[in-house]
Amino acid sequence: MGLETLIPFIAIIAFATYVQTITGFALGMIVMGAVTAFNLVPIAFTSVVISAVTLINGLIAIKGNFHALDIKRVMITCAGIFPALLAGLLLLDYLSESFNSLLQLLLGITIFTGGMLIMLRPDPLKEPSPNAVFAASGATAGFLAGMFSMAGPPLVYLFYRQPFELKTIRLCLVSIFLVCSTARIIMVGFQGGLTLDMLTFSLLCIPMVMFFTWVGKRYPPPLSTTNMRRFAFSLLIIIGISLMVGAL
């Protein structure tokens, strides 16, 4: 990988790491979208690097903040993810490309509409959702991860609607993505999909990821709780639009 590829890739990783640290999500969306748009490296390569970067970001973001993490709800959500992930992967093998595009379009419309509605009224729920809702959200996220490699939207929608502190919301999301990234790296490793170039580049990204995770923890944007929720749902709207455009 030459410097003309390495430098912009690391710059994208740095920006995405900061956004993930302050919101709890969007790293994969930003990196995959930008790298694909500029045709920097293959998608398979990018996916592995995203998993590695998400793992490092999660470990650093959680360090020193473990007391603010809602471990119970993280575990319930993760319990719903993995079986549904396998189901999504299996279903993907049976769907034609045209039908898959239709599902992606419907998913994009749903995410866009939900993001718009909640952004206009970003006040959280009065009471936390039942545990079954977290499990169902995890299952939906796992299914979408298997179908479209995009687990974030249902989790973001659910957690940002909860009457939790923003710090707890961010840490819960980062923790869930950390678990998912670890599982994905292990699965890819068993399949023989890890290469020396992937591992080397992931190691090169670690200093930048550590620095911008620290920056995100230490210097978040000066937004109120309401505006931060609006910002998070604005990112959901962007995800929805990108899915709709990709399906057309």
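This report describes selected features of a predicted model, from its aromatic rings to its one salt bridge.

## Aromatic pairs

A search through the whole structure gives nine aromatic pairs. One of them joins Trp-214 and Tyr-219: the ring centres are 5.9 Å apart and the planes stand at 80°, so this pair is classed as edge-to-face. The cut-off behind that class is an angle of over 60 degrees between the planes.

Both partners can also be placed with respect to the surface. Trp-214 has a relative accessibility of 40% and therefore counts as partly exposed. Tyr-219, at 49% relative accessibility, counts as partly exposed too. Elsewhere, ring pairs connect Phe-25, Tyr-157, Tyr-160 and Phe-233 into a cluster.

## Cysteines without a disulfide

The structure contains zero disulfides. For Cys-78, the closest cysteine sulfur belongs to Cys-180; the distance of 5.7 Å is too far for a bond. A disulfide would require the two sulfur atoms to lie within 2.5 Å. Seen from the other side, Cys-180 is in no disulfide, and its nearest cysteine sulfur is that of Cys-78.

Cys-78 has a relative accessibility of 8%, so this residue counts as buried.

## Helix α8

Helix α8 covers residues 166-190, a run of 25 residues. At 1.5 Å a residue, the helix should span 36 Å, and the C-alpha atoms at its ends are indeed 36 Å apart, so the expected and computed values agree. After α8 comes Gly-192, which has a positive phi, near 80°.

## A nonpolar patch on the surface

Phe-99, Leu-102, Leu-106 and Ile-109 make a nonpolar surface patch of about 350 Å². Phe-99 is located in helix α5, which comprises residues 97-120. With a relative accessible area of 40%, Phe-99 is partly exposed.

A general property of helices is useful background here. An α-helix has 3.6 residues a turn, so residues three or four places apart point the same way.

## The salt bridge

How many salt bridges does the structure contain? The count comes to one salt bridge. In it, the side chains of Asp-70 and Arg-73 meet, with a distance of 2.6 Å from N to O. The cut-off for a salt bridge is 4 Å.

Are Asp-70 and Arg-73 buried or exposed? Asp-70 is buried, and Arg-73 is buried as well. In general, side chains of opposite charge can pair when their charged atoms come close.

Methods:
Residues are numbered from 1 along each chain as its sequence is written. This is a predicted model: local features need pLDDT of at least 70, side-chain atom pairs count only at pLDDT 80 or more; totals for chains, interfaces and linings use all residues. Side-chain values use heavy atoms; hydrogens and water are left out. Rings of Phe, Tyr and Trp (its six-membered ring) pair if their centres lie within 6.5 Å; planes under 30 degrees apart count as stacked, over 60 as edge-to-face and the rest as tilted. Buried means under 20% relative accessible area, exposed over 50%, partly exposed in between (1.4 Å probe, protein chains only). Helices (H or I, at least four residues) and strands (E, at least two) are DSSP runs, numbered from the N terminus. The expected span of a helix is 1.5 Å times one less than its number of residues. Patches are made of residues with over 30% relative accessible area and no salt bridge: like charges are joined within 9 Å, nonpolar side chains (Val, Leu, Ile, Met, Phe, Trp, Tyr) within 5 Å. Accessible areas come from the Shrake-Rupley method with a 1.4 Å probe; for residues, only the protein chains shown count as cover.
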